[in-house]
Amino acid sequence: MKQKIKHYITGYRKIILPAAIILLMTTCTKKFEQINTDQNSIPTIGPAEIPFLFSSAQSASTIQWIYQDAQNLHADQYAQYFTCTATSFPTDRLVVRLDWLISFYEAIYNYTVPQLQSIFEATDPDSPEYALADVMWVFAFHKLTDYWGPIPYFNAGVPGTSVPYDAQDKIYDDFFKRLSADVAVLKNNANARPYGSFDLIYGGDVTKWIKFASSLRLRLALRISKVDPARAKTEAEAAYADGVMISSPDDDALIERSTKGDDVNGLSIMSDWNEFRMSASMESVLKGYDDPRMKEYFLPAVATGTYEGIRNGLTVTQMGETINDNDNNSHVGARWSSPDAGGIADFLSTPQNVMSTAEAYFLRAEGAMLGWNMGGTAKELYEAGISNSMKQWGVTDETVINNYINSTATPVAPNDYFNSPPMTNIPVKFGATADVQAEQIATQKWLAIFPDGMEGWADYRRSHILKLYPVVNSDNPDIPDPTTKWLRRIPFLLTERQVNGAEVEKAVELLNGPDKTTTPLWWDKN
């Protein structure tokens with residue numbers, strides 16, 4: 001493992017493609033051997049190889065085989081979409097396993113950066129191929145920096161014996177500049193179809209990529225709304241003016257997954273391992289609202305036939321109680337589950353969520369509350385967010401949707417081992433006060449972006465408006481009382497300290513606090 005880390009620190013250019021893409025390359029290019037076996041030198045990249053590299057970068061940056069280590073055992077639990085039920089895993093009790101998170105670094109620095117940089121070097125900066133690769137660059141790195149804060153960014157992949165870390169505010173500044181330029185290029189190439197079917201998200205549809213890039217820019221603008229409100233407003237209004245996602249399911253960003261070459265859905269890979277179940281937070285809200293998405297997100301518990309969740313942070317002894325075992329709680333939904341678990345035959349090929357139209361509406365609703373020009377009132381955009389989320393998950397009956405939007409029902413007590421109260425007391429129907437409205441937007445966005453725990457955890461830290469339950473037990477020495485403190489970031493990797501130690505020490509200075517889970521990121525002002 002240490003040797004792999006050294007590879008990306010020194011700028012080692014590793015070109016590795018998913019097996020599904022490799023299978024395609026055996027029939028489409030004579031350079032298969034060069035690209036996939038000569039990993040100690042940079043291969044010559046020509047037009048024939050560019051689409052394959054783009055597919056590879058898309059697959060790696062959207063978290064596939066590393067899903068459990070990089071996301072499920074960390075952000076998915078911190079966002080309280082799921083609760084860990086594996087007795088050997090302490091992460092649900094706020095223990096961050098840095099050795100497991102090495103895989104996330106590798107996914108970006110070894111399997112995304114080299115591919116995208118090769119595309120940058122082989123294409124015209126004014127081409128739609130370059131622009132799409134650049135959008136994926138921002139997408140990949142925004143997830144990474146929102147875990148750690150300072151990361152190697154501007155010199156990522158540049159040869160050298162060490163690589164400096166960059167401050168998060170400088171990284172975000174570059175994100176905004178890139179996305180603005182990318183959208184401009186795409187608008188100038190509106191009739192192009194970059195990468196065609198090798199684009200695993202939109203099939204080369206430039207119009208949809210413009211919406212995606214603008215929606216991502218809007219997400220990032222809201223992320224900095226407390227630390228730099230003026231810049232946030234400028235970026236958000238520019239993103240809206242360029243055109244964001246407006247219609248589900250057409251605009252929703254989902255990446256294709258396939259069992260050919262095992263390029264499968266990351267959540268589906270691990271669902272049958274039976275190491276996680278529905279959280280009590282999800283149960284409280286979904287049940288209380290009688291939410292029609294509940295049957296899409298989860299399966300009824302085997303033992304009861306009802307939807308049941310568990311509080312996060314159970315000890316091994318508490319996991320042993322019958323009410324907390326797997327059979328008495330809800331498995332993730334059918335689309336991510338095998339037939340043996342009550343799911344579908346092609347569960348491994350379920351497209352993986354990248355970003356939804358609903359999220360764009362909730363971002364605009366929050367922006368409208370801040371007085372920004374978002375093309376509607378906060379209420380209008382909030383309700384449109386709910387409607388589009390319902391449609392994304394297959395709920396198309398307008399009567400059902402309208403009844404939900406106007407419901408005064410509130411979350412319920414999950415009737416769990418701890419006799420927990422309801423997670424919160426807000427209804428779905430848009431409230432009369434700003435505080436209620438802000439919590440409603442945050443709560444419905446949390447529901448809509450399921451199962452994207454990386455974004456869910458980032459958004460929770462950014463606003464801290466969502467009223468998740470505190471974890472029951474914390475084994476994190478920096479968080480002795482989880483009712484007063486929470487996880488704010490991932491500490492720097494130990495392997496990074498071994499091979500890039502001097503730069504990591506400089507990175508700590510960029511944090512403006514110790515290298516701990518309780519030190520907030522630059523944009524976290526709660």
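Which residues line the second largest cavity? That one gets its own close-up below, along with several other spots in this predicted model.

**View 1. Here is the second largest cavity and the residues around it.** The residues lining this cavity are Arg219, Asn353, Val354, Met355, Ser356, Glu359, Gln392, Ala448, Ile449 and Asp452. The space inside comes to about 60 Å³. Strand 4 gives the largest share of the lining, three residues. Sort the lining by class and you get four nonpolar, three polar and three charged residues.

**View 2. Now for the largest cavity, with a volume of about 160 Å³.** A search of the whole structure turns up six cavities of 30 Å³ or more. In the largest cavity, 14 residues make up the lining, and Thr62, Tyr67, Gln71, Gln352 and Asn353 are the ones nearest the centre. At least two lining residues come from each of helix 5 (67–72), helix 9 (128–148) and strand 4 (352–355). Which of these elements supplies the largest share? That's strand 4, with three residues. As for chemistry, the lining holds seven nonpolar, five polar and two charged residues. Asn353 may ring a bell, since it also appears in the lining of the second largest cavity.

**View 3. Helix 4 packs against helix 8.** When you look at a pair of packed helices, two numbers describe them: the angle between their axes and the distance between the axes. For helix 4 (residues 50–61) and helix 8 (residues 113–122), the angle is about 145 degrees and the axes are 8 Å apart. Is the crossing left-handed or right-handed? It's left-handed. On the helix 4 side, the contact is made by Ile50, Leu53, Phe54, Ser56 and Ala57. Helix 8 brings Gln115, Leu116, Ser118, Ile119 and Ala122. Count up the classes in this contact and you find seven nonpolar residues, three polar ones and no charged ones.

**View 4. Lys143 sits in helix 9.** Is this lysine buried or exposed? Lys143 has a relative accessible area of 9%, and buried means under 20%, so it counts as buried. Leaving out residues up to four places away in sequence, Lys143 touches Phe104, Asp452 and Met454. Two of those names turn up in other views: Asp452 is among the residues lining the second largest cavity, and Met454 belongs to helix 21.

**View 5. Helix 21 is mostly covered, and His464 comes right after it.** How many of the residues of helix 21 (residues 453–463) are buried? Eleven of its eleven residues are. Among them are Trp457 and Tyr460, and also Glu455, Asp459, Arg461 and Arg462. Next comes His464, which has a positive phi of about 55 degrees although it isn't a glycine. His464 belongs to the loop between helix 21 and helix 22 (494–499). At 26% relative accessibility, His464 counts as partly exposed.

**View 6. Tyr195 is another residue with a positive phi that isn't a glycine.** Here phi is about 70 degrees. You'll find Tyr195 in the loop between helix 10 (168–187) and helix 11 (206–223). Tyr195 is buried, with a relative accessible area of 7%.

**View 7. Two peptide bonds leading into prolines are cis.** One of them joins Ser248 and Pro249, with omega at about 10 degrees. Pro249 is part of the loop between helix 12 (229–242) and strand 2 (253–255). The other runs from Phe450 to Pro451, and its omega is near 5 degrees. Where is Pro451? Look in the loop between helix 20 (434–448) and helix 21.

**View 8. Leu381 is a buried residue of helix 18 (residues 378–392).** Its relative accessible area is 4%. Setting aside neighbours within four places in sequence, Leu381 is in contact with Tyr361, Arg364, Ala365, Ala368, Met374 and Gly376. Pro470 is another story: Leu381 and Pro470 are 89 residues apart in sequence and 30 Å apart in space, going from C-alpha to C-alpha.

Note on methods:
Residues numbered from 1 in each chain as written. Predicted model: local features only at pLDDT ≥ 70, side-chain atom pairs only at ≥ 80, totals over all residues. Heavy atoms only, no water. Axes fitted to C-alpha atoms, helices over the stretch in contact; angles between N-to-C directions. Helix = DSSP H or I, 4+ residues; strand = E, 2+ residues; numbered from the N terminus. Left-handed = near helix turned anticlockwise from the far one by under 90°. Contact = heavy atoms within 4.5 Å. Nonpolar A, V, L, I, M, F, W, Y, C, P; charged D, E, K, R; others polar. 1 Å grid on protein atoms, 1.4 Å probe; cavity = no way out; pocket = protein on both sides within 12 Å on 5 of 7 lines; lining within 4 Å. Points joined across faces, edges and corners; volume = space filled by probe spheres on them. Buried < 20%, exposed > 50% of the residue type's maximum accessible area, 1.4 Å probe, protein only.
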